[in-house]
Amino acid sequence: MTHALGFTEEDLRRLAGVRSFERGLGYLSTISRLEIGDEAITAIVDGSNTYQVELTEDEDSGLTGWCDCPYGQEGNFCKHCVAVGLAVLGQAESVPQQRSAAASRTRLLDGWLESRTQEELLALVREQLADDRDLRRRLELRAAAAGEDTGIVRERVLSLLDTRPFARYGYVEYADAHAYGRQAAEAVTALRALTASGRSADAVEVAREALQSLGRAYGKIDDSDGLVGDVATRLAEAHLEACQTARPDPVETAE
């Protein structure tokens with residue numbers, strides 16, 4: 001059983017610590033959409049919000065976990081990761097078969113995609129974009145960051161930080177703060193893409209507006225979990241990275 005998975009219950013306890021491990025036991029019944037792939041294990045865990053969990057195994061570093069809960073986003077192996085790990089251990093005997101089936105599906109998909117023409121692939125992407133707004137937003141940001149029109153990037157970044165779609169009564173309640181934080185985090189990705197594409201001066205200006213926008217909105221968000229505050233920290237880091245490359249006027253930057 002251990003060989004098939006590469007980790008044990010004791011590994012989960014060591015990675016999470018006693019407190020998170022014990023709390024993870026209570027989340028076993030909340031797991032859904034558990035999928036054991038050829039490279040990763042993914043699942044959805046319902047807690048105070050709905051969280052996405054991914055476990056990966058590496059021969060050198062061993063088991064690692066990622067979760068989009070606030071504690072997990074800080075790099076910790078959280079209680080949700082523990083719950084998914086325990087759920088997988090509970091079906092360890094079938095894991096090799098599930099991984100083999102996943103690898104076969106991956107090979108089939110790769111072969112099918114490679115056999116499509118450019119026109120067929122474009123049609124497929126456009127079909128997905130019509131049904132998946134999150135995917136469309138991410139690709140729009142990538143296209144804008146790779147292009148020359150900084151105005152588009154600015155508009156998209158500020159729209160990602162707009163609280164109005166989440167503020168039912170002029171205030172982002174706790175139940176909606178997580179979804180808002182996940183959306184706002186995409187603004188960080190866009191700013192870093194601007195800097196990476198050689199447009200750090202533009203990234204500095206857009207980052208400043210983004211920080212001001214989030215600063216104005218923060219007082220109307222129930223950020224009890226600290227997720228939005230984490231986005232603000234990452235925005236500041238993206239601004240610093242851009243400044244280190246663009247070298248803007250120090251006095252103006254200080255002000």
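Two residues are in contact when heavy atoms of one lie within 4.5 Å of heavy atoms of the other. In this predicted model, H80 has such contacts with Y27, V45, Y51, V53, C67 and C69, leaving aside its neighbours within four places in sequence. H80 belongs to helix α5. Its relative accessibility is 3%, and because buried means under 20% relative accessible area, H80 counts as buried. The rest of the helix can be described in similar terms. Helix α5 spans residues 79-89 and is mostly covered, with 11 of its 11 residues buried. Among these buried residues are K79, C81, V82, G85 and L89.

Several contact partners of H80, including V45, Y51 and C67, lead to the sheet. The sheet is open and has four strands in the order β1-β2-β3-β4, with antiparallel pairing. Its edge strands are β1 and β4 (62-67), each of which pairs on one side only. From one strand to the next, the twist averages 15°. Strands of a sheet pair through backbone hydrogen bonds, in a parallel or an antiparallel sense.

The pairing of individual strands was then examined. Strand β1 (residues 31-36) and strand β2 (residues 40-46) run antiparallel and are joined by four bridges. These two strands form a hairpin, with three residues between them. Across the pair, I36 has I41 of β2 as its bridge partner. On to the next strand, β2 pairs with β3 (residues 50-58) over seven bridges, again in the antiparallel sense. Here V45 has Y51 of β3 as its bridge partner; V45 and Y51 are both in contact with H80.

Nonpolar residues were considered next. In soluble globular proteins, nonpolar side chains tend to be buried together. The largest nonpolar core of the model has 32 residues, and those with the most contacts inside it are V157, L161, V172, Y180, I221, V231 and L235. Two or more residues of this core come from each of the helices α8 (133-146), α9 (150-160), α10 (174-196), α11 (200-218) and α12 (227-246). Helix α10 gives the largest share, nine residues. Within four places in sequence left uncounted, L161 touches Y180, A184, A187, A210, S213 and L235. Another core, of 29 residues, lies apart from the largest one and includes A16, V45, C67 and V95. V45 and C67 also appear among the contacts of H80.

Helix packing was described for α8 and α10. The axes of these helices are 9 Å apart and meet at an angle of about 20°. Because angles under 35 degrees count as roughly parallel, α8 is roughly parallel to α10. Their crossing is right-handed. On the α8 side the contact is made by R137, R138, L141 and A145, and on the α10 side by Q183, E186, A190, A193 and L194.

The last position considered was S200, which lies in helix α11. S200 is buried, with a relative accessible area of 8%. Not counting residues up to four places away in sequence, S200 touches L194, T195, A242, T245 and A246. Of these, L194 also takes part in the contact between α8 and α10. The C-alpha atoms of S200 and P248 are separated by 9.7 Å, although the two residues are 48 residues apart along the chain.

Definitions and conventions
Residues are numbered from 1 along each chain as its sequence is written. This is a predicted model: local features need pLDDT of at least 70, side-chain atom pairs count only at pLDDT 80 or more; totals for chains, interfaces and linings use all residues. Side-chain values use heavy atoms; hydrogens and water are left out. A nonpolar core is a set of buried Ala, Val, Leu, Ile, Met, Phe, Trp, Tyr and Cys residues joined through side-chain atoms within 4.5 Å. Buried means under 20% relative accessible area, exposed over 50%, partly exposed in between (1.4 Å probe, protein chains only). Two strands pair if DSSP finds at least two bridges between them. Axes are lines fitted to C-alpha atoms, for helices over the stretch in contact, and angles run from 0 to 180 degrees between N-to-C directions. Angles under 35 degrees count as roughly parallel, over 145 as roughly antiparallel, 65 to 115 as roughly perpendicular and the rest as oblique. A crossing is left-handed if the near helix is turned anticlockwise from the far one by less than a right angle, and right-handed if clockwise.
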